[in-house]
Amino acid sequence: LPISTLLACGACAVRLMGKPKKEYDVDYLKHPDILPDQAASELGHALRLKGYCTIRLGSQKETLQAAASDAAELRRAGALQPPPEELVDCLLGPEGTSEFCRLADVEPGATLASLHSRLKEFAGVAQTVCNSGVAERELRTEDLLVQGGDCPENEELTAATCSAWINTLSRARMLLIYFFGKGQGCLELMP
């Protein structure tokens, strides 16, 4: 089960059929001592029932500010680039994908790396839940940092870039998104 992970800068509310979602399937803020097996059970239940799961990690404000600073440093260093126009909808759409970078290609700051590691743990739990009763498969991920907002200009889609994205998108079966930083937006989930 390949997993794609997006760490997205900018706050977001999940909206289904026009109604803001205020409850979470797994909420570490309300239940900080939730056991890993219980979190996995809730995650699996939501994935099987709805096809998606909302998780509130309960990160401290200081942690989120530090992660946003790490992301801003990557941007200042030129690591974040605008996506090719053909790929904007594959990420977070035209209003949610200003720039991005592959986390495997950069050295994120300590806080961003810690959040990334936590998301990879959830990816492992999701894979275990989704593969129950199926032969174990290797967890393959494509981890991205995406800056929200409108994309003022797009990069050209070259043959090499196209090939790399086809590989990523053809094997992606699950997407984990962690929103942090200033700003707000809406994520519409559609079948």
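Helices and strands are here runs assigned by DSSP, with at least four residues for a helix and at least two for a strand, and they are numbered from the N terminus. In the predicted model, the order of these elements along the sequence is β-β-β-β-α-β-α-β-α-β-α-β-β. The chain thus has four helices and nine strands.

The chain has 191 residues, and 37% of them count as buried. Its accessible surface is about 11,400 Å², and carbon and sulfur atoms hold 51% of that area. Among the contacts with a separation of 6 or more, 83% are made by residues 24 or more positions apart.

In soluble globular proteins, nonpolar side chains tend to be buried together. The largest nonpolar core of this model has 23 residues. Those that touch the most other members are Tyr28, Leu74, Leu112, Leu145, Tyr178 and Phe180. Two or more residues of this core come from each of helix H1 (36-50), H2, helix H3 (110-130) and strand E8 (174-180). The most is given by H3, with five residues. Another core, of eight residues, lies apart from the largest one and includes Leu87, Val146, Trp165 and Leu187.

Helix H2 covers residues 61-76, a run of 16 residues. From the first C-alpha to the last, H2 reaches 22 Å, close to the 22 Å expected at 1.5 Å a residue. The buried residues of this helix are Ala67, Asp70, Ala71 and Leu74. They lie on the same side of H2, because they cover an arc of only 95° around the axis. An α-helix has 3.6 residues a turn, so residues three or four places apart point the same way. The exposed residues Lys61, Glu62 and Arg76 are carried by the face of H2 that is turned away from the buried side. Just after the helix, Gly78 has a positive phi of about 85°.

Leu74 therefore appears in two descriptions: as a buried residue of H2, and as one of the residues of the largest core that touch the most other members. Ala71, also among the buried residues of H2, lies 8.3 Å from Gln147, C-alpha to C-alpha, although the two are 76 residues apart in sequence. Gln147 belongs to strand E7 and is partly exposed, with a relative accessible area of 23%.

Five salt bridges are found in the whole structure. One of them joins Asp27 and Arg56, with 2.7 Å between the closest N and O atoms. Asp27 is in strand E4 (residues 26-27) and Arg56 in strand E5 (residues 55-56), so that distant parts of the chain, 29 residues apart, are linked. Asp27 has 6% relative accessibility and counts as buried, because the cut-off is under 20%. Arg56, at 26%, is partly exposed.

Another salt bridge is formed by Arg75 and Glu99, whose closest N and O atoms are 2.5 Å apart. Arg75 lies in helix H2 and Glu99 in strand E6 (residues 99-102), so this pair ties together parts that are 24 residues apart in sequence. Glu99 counts as buried at 14% relative accessibility, whereas Arg75 is partly exposed, with a relative accessible area of 45%.

A further salt bridge connects the side chains of Asp143 and Lys120, at 2.8 Å from N to O. Asp143 is part of strand E7 (residues 141-147) and Lys120 part of helix H3, so parts that are 23 residues apart in sequence are tied together by this pair. Asp143 counts as buried, with 8% relative accessibility. Lys120 is partly exposed, with a relative accessible area of 33%.

Asp143 also has a neighbour from elsewhere in the sequence: the C-alpha atoms of Asp143 and Leu103 are separated by 5.5 Å, and the two residues are 40 residues apart along the chain. Leu103 is located in the loop between E6 and H3. At 7% relative accessibility, Leu103 counts as buried.

Technical notes
Residues are numbered from 1 along each chain as its sequence is written. This is a predicted model: local features need pLDDT of at least 70, side-chain atom pairs count only at pLDDT 80 or more; totals for chains, interfaces and linings use all residues. Side-chain values use heavy atoms; hydrogens and water are left out. The expected span of a helix is 1.5 Å times one less than its number of residues. Buried means under 20% relative accessible area, exposed over 50%, partly exposed in between (1.4 Å probe, protein chains only). The arc is that of the directions from the helix axis to the C-beta atoms. Contact means heavy atoms within 4.5 Å. Accessible areas come from the Shrake-Rupley method with a 1.4 Å probe; for residues, only the protein chains shown count as cover. A nonpolar core is a set of buried Ala, Val, Leu, Ile, Met, Phe, Trp, Tyr and Cys residues joined through side-chain atoms within 4.5 Å. A salt bridge is a side-chain nitrogen of Lys or Arg within 4 Å of a carboxyl oxygen of Asp or Glu.
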